[in-house]
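Me: I have a model open and would like to learn how to read its features one at a time. Where do we begin?

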Amino acid sequence: MNTITIHSVDQIDLAAEAFLKAAGETTVIAFSGELGAGKTTFIQAICRVLGVTSEVNSPTYALVNEYFTIDGTSVFHFDLYRIETPEELFDLGYEEYFYSGDRCFIEWPEKASHLIPEDALRVEILVREDESREIRF
């Protein structure tokens, strides 16, 4: 298991760089953590490091956002917090995203765990007593 600790928000881009290096070629990454743990904030940092030029926001109501890097590569960001049944992902055509070869970042994957690819990287973000964040994967 790998662990990256983020002591303050000004370290987040360095943590995102280290995370991406450790993640290697993995394209589907599932982020778990309590509400307010920093899943979206960490995904924003990862997107900056990847070269996403647009604003990265949680797709809480849309369920999925597509972003583009400087070179035109797609990055997909899912937030499953508000889904009521995993079957809602079928309506989105989730397989086209998850198996596209493009990066897919998924918040709240436990809401549809049986639909997340087996080879997805599972990440847990923990809030420590000192308010730092521990990224475990």
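**Reading the model**

Reply: We begin with burial: F78 has a relative accessible area of 0%, so F78 is buried. The model is a predicted one. F78 belongs to strand β4.

Me: Which residues is F78 in contact with, leaving aside its neighbours within four places in sequence?

Reply: Those contacts are P59, L63, V64, L92, Y97, F98, C104, F105, I106 and E107. For a distance along the chain set against one in space, take F78 and A22: they are 56 residues apart in sequence, and their C-alpha atoms are separated by 21 Å.

Me: How should I read a pair of aromatic rings?

Reply: Two values describe such a pair, the distance of the centres and the angle of the planes. In this structure, a search of the whole model finds eleven aromatic pairs. One of them is F19 with F137: the ring centres are 4.9 Å apart and the planes stand at 75°, so this pair is edge-to-face.

Me: Where do F19 and F137 lie?

Reply: F19 is in helix α1 (residues 12–23) and F137 is in the segment after β7, so the pair ties together parts 118 residues apart in sequence. F19 counts as buried because its relative accessibility is 0%. F137, at 12%, also counts as buried, because the cut-off is under 20%.

Me: What is the geometry of the rings of F31 and F42?

Reply: Their centres are 6.3 Å apart and their planes are at 75°, so this pair is edge-to-face. F31 sits in strand β2 (residues 28–32) and F42 in helix α2, so far as sequence goes eleven residues apart, and the pair links distant parts of the chain. Both F31 and F42 are buried.

Me: Which residues do ring pairs link into a cluster?

Reply: The cluster holds F76, F78, F90, Y94, Y97 and F98. F78, from the start of our talk, is therefore a buried member of the cluster.

Me: Next, backbone angles. Which residues other than glycine have a positive phi?

Reply: Two cases here are L63 and E131. Phi of L63 is near 75°, and phi of E131 is near 75° as well. L63 is in the loop between α2 and β3 (64–68), while E131 is in the loop between β6 (121–127) and β7.

Me: Is E131 buried or exposed?

Reply: E131 is exposed, with a relative accessible area of 53%. L63, by contrast, has 11% and is buried.

Me: What does the side chain of T69 make a polar contact with?

Reply: The partner is the side chain of D71, at 2.4 Å. T69 lies in the loop between β3 and β4 (74–79) and counts as buried at 10% relative accessibility. Apart from neighbours within four places in sequence, T69 is in contact with L50, G51, V52 and V75.

Me: Last, how do I read a pocket?

Reply: Rolling a probe the size of a water molecule over the atoms shows where empty space is left. In this model the largest pocket has a volume of about 150 Å³. Its lining has 15 residues, and I6, I12, A37, T41 and R133 lie nearest the centre.

Me: Which elements supply at least two residues each to that lining, and what classes make it up?

Reply: α2 (39–50) and β7 (133–136) each do so. By class, the lining has seven nonpolar, six polar and two charged residues.

Terms used. Residues are numbered from 1 along each chain as its sequence is written. This is a predicted model: local features need pLDDT of at least 70, side-chain atom pairs count only at pLDDT 80 or more; totals for chains, interfaces and linings use all residues. Side-chain values use heavy atoms; hydrogens and water are left out. On a 1 Å grid over the protein atoms alone, a cavity is a set of points where a 1.4 Å probe fits but cannot get out, and a pocket is an open set with protein on both sides within 12 Å along at least five of seven lines; lining residues have an atom within 4 Å of a point. Grid points are joined across faces, edges and corners, and a volume is the space filled by probe spheres set on the points. Helices (H or I, at least four residues) and strands (E, at least two) are DSSP runs, numbered from the N terminus. Ala, Val, Leu, Ile, Met, Phe, Trp, Tyr, Cys and Pro count as nonpolar, Asp, Glu, Lys and Arg as charged, and the others, Gly among them, as polar. Rings of Phe, Tyr and Trp (its six-membered ring) pair if their centres lie within 6.5 Å; planes under 30 degrees apart count as stacked, over 60 as edge-to-face and the rest as tilted. Buried means under 20% relative accessible area, exposed over 50%, partly exposed in between (1.4 Å probe, protein chains only). A polar contact is a pair of N or O atoms within 3.5 Å; within protein, one must be able to donate a hydrogen and the other to accept it, and residues adjacent in sequence count only if both atoms are side-chain atoms. Contact means heavy atoms within 4.5 Å.
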